[in-house]
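Biologist: Can you pull up the model so we can talk it through?

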Amino acid sequence: AGPRVNDVWQRSIKSGMAIGLYSAVRAGGEHALGVPLDHGGGGESVVSDASRPSEPPRAHDLGPGAGGVLAIAAGAYHNLVLTRNGTLYAWGVGVFAGSGARDGCIPALGQRGAIDEVLKPTRVILPKSLEPVSIAAGGYHSVVLTRDSRVLTFGAAQLGQLGRHPLGSPQEDGSGLPVDDTPAEVTGLPASCSPIGVGSSFYNTFVLCKRGAGAYCSGENQSGQCGPGMPANLQEMTLVPELSSHQIRQIDGGYCHTLALTEDGRVLSLGCGEDGQRGSTEAGSTDISVVSLPERASAISAGLNHSLALTESGRVYAWGSNEYGQLGVPGDKPRALPVPVGGLPRGLRVTGVSAGSTHSHVITEGGVVFSFGGGGSGQLMNGKCDEARHEPTPAVAAVEGQS
């Protein structure tokens, strides 16, 4: 059993840093993104990023006209924020700052012609009259679903992850690889799809179609993460045959594996499984796997080489790589089958999960976030520099950011 809630609060008081309350959290590469409830008058239009060693999360105020945060997404090296008035913001986390060559995630920030990162939330201009309603962020690209069921992408394109061919405004990065920093609509989706959701992995874009119309994927497919038996790189959105007979309500991907959550609470997996991230003991299998969970799942999240699932009763299960403690269990050996995450306080119901490169977050009904795994860049949101943490630690309150 985990510690009592009061014990967690007492440890926070002794550490000198107050526990933060958040309405949402997303794990990125070596950073985290959250929406604080206890900052700036309730956090209506405030987001915070944790990407600095031994520092608490840093808050960014989107301004009085933002209208509140609707959705957030954290890529490997960048963040996306969608506000309730339909404005999309993007910024990087400093990894490619000063590159001056349109390298890395810079095209995924949606700033036309930019050759360097922006390090604070900056508006992304979408094609006229298109209102975004959902977002996803990959390794070096961004995905947007609009109210009229269009899917837009922008960012790196070398493996087909933008899902459109030809590119609308093609450019090259510093290495001569194709990129497109202008949001434009994907190709390959039939009219019958009527997209209702989007997802991403490091090098893939996913589109969920209306009930009965399947799921589509583009980008890298060398491990069969878009389905076995298809080309290694898919330049346009392509139907995932293995998911066609299932009603999918959420899809997410890691570096080379894909998770899909069905409407009846089953978790399916495709792609690579060498670290157990597919939740199957058959690591080399190219067939679709059904992850063995003790009860129905309500949410999933795919990290770089690990996976998380939240069940309907509020329990959290993890599988895959545990090199940095990202499964929340002792040791560093990978787990091919789901294990319950330990150390979570009794009395707090978990309502969401998010998996990053080597770290994990769970968020509770009251807004307390617990993190575990690699934290050398401050991504555990606890104001420390934990290279590997196997027990959940509470996130601390965000402090005022600096431009």
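Modeller: Here we go from the overall picture to a few strands and one loop residue.

Modeller: Keep in mind that this is a predicted model, where local features need pLDDT of at least 70 and side-chain atom pairs count only at pLDDT 80 or more, while totals for chains, interfaces and linings use all residues. Residues are numbered from 1 along each chain as its sequence is written, and side-chain values use heavy atoms, with hydrogens and water left out.

Biologist: Fine. What does the secondary structure come to?

Modeller: The protein has 1 helix and 30 strands. Those are DSSP runs numbered from the N terminus: helices are H or I with at least four residues, strands are E with at least two.

Biologist: And what radius of gyration does the protein have?

Modeller: It is 20 Å, which agrees with the value near 22 Å for a compact globule of 403 residues. The radius is taken over C-alpha atoms, and the globule rule is 2.2 Å times the number of residues to the power 0.38. The C-alpha trace spans about 55 × 45 × 35 Å along the principal axes.

Biologist: How much of the protein is buried?

Modeller: Buried residues make up 58% of the 403. Buried means under 20% relative accessible area, exposed means over 50%, and partly exposed is in between, using a 1.4 Å probe and protein chains only.

Biologist: Let's go to β2. Is it covered or open?

Modeller: Mostly covered: 5 of the 5 residues in β2 (32–36) are buried. A32, G34 and P36 point one way, L33 and V35 the other way, and all are buried.

Biologist: Why would they split like that?

Modeller: In a regular strand the side chains alternate between the two faces of the sheet.

Biologist: Which strands are joined to β2 by bridges?

Modeller: β1 (residues 22–27) runs antiparallel to β2, with 5 bridges joining them, and β3 (residues 46–50) is also antiparallel to β2, with 3 bridges. Two strands pair if DSSP finds at least two bridges between them. A24 stands opposite V35 in β2, while A32 has A50 in β3 as its bridge partner. The link from β1 to β2 is a hairpin of 4 residues.

Biologist: Now β14. Which of its residues are buried?

Modeller: On one side of β14 (residues 197–200) G197 and G199 are buried, and on the other V198 and S200 are too, so both faces are covered.

Biologist: What joins β14 to β15?

Modeller: A hairpin, through 3 residues. β14 and β15 (residues 204–208) pair in the antiparallel sense over 4 bridges, and G199 stands opposite F206 in β15.

Biologist: Switching again: in what order do the strands of the open sheet with β18 come?

Modeller: The order is β18-β19-β20-β21, 4 strands with antiparallel pairing. β18 (248–253) and β21 (289–290) stand at the edges with a single partner strand each, so one side of each is left without a neighbour in the sheet. β18 pairs with β19 (residues 257–262) over 5 bridges, and D252 has L259 in β19 as its bridge partner.

Biologist: Last one, R349. Where is it found?

Modeller: R349 is in the loop between β25 (335–340) and β26 (350–355). At 40% relative accessibility, R349 counts as partly exposed.

Biologist: What does R349 touch?

Modeller: Leaving out residues up to four places away in sequence, R349 touches E312, S313, G314, I363, T364 and E365. Contact means heavy atoms within 4.5 Å.
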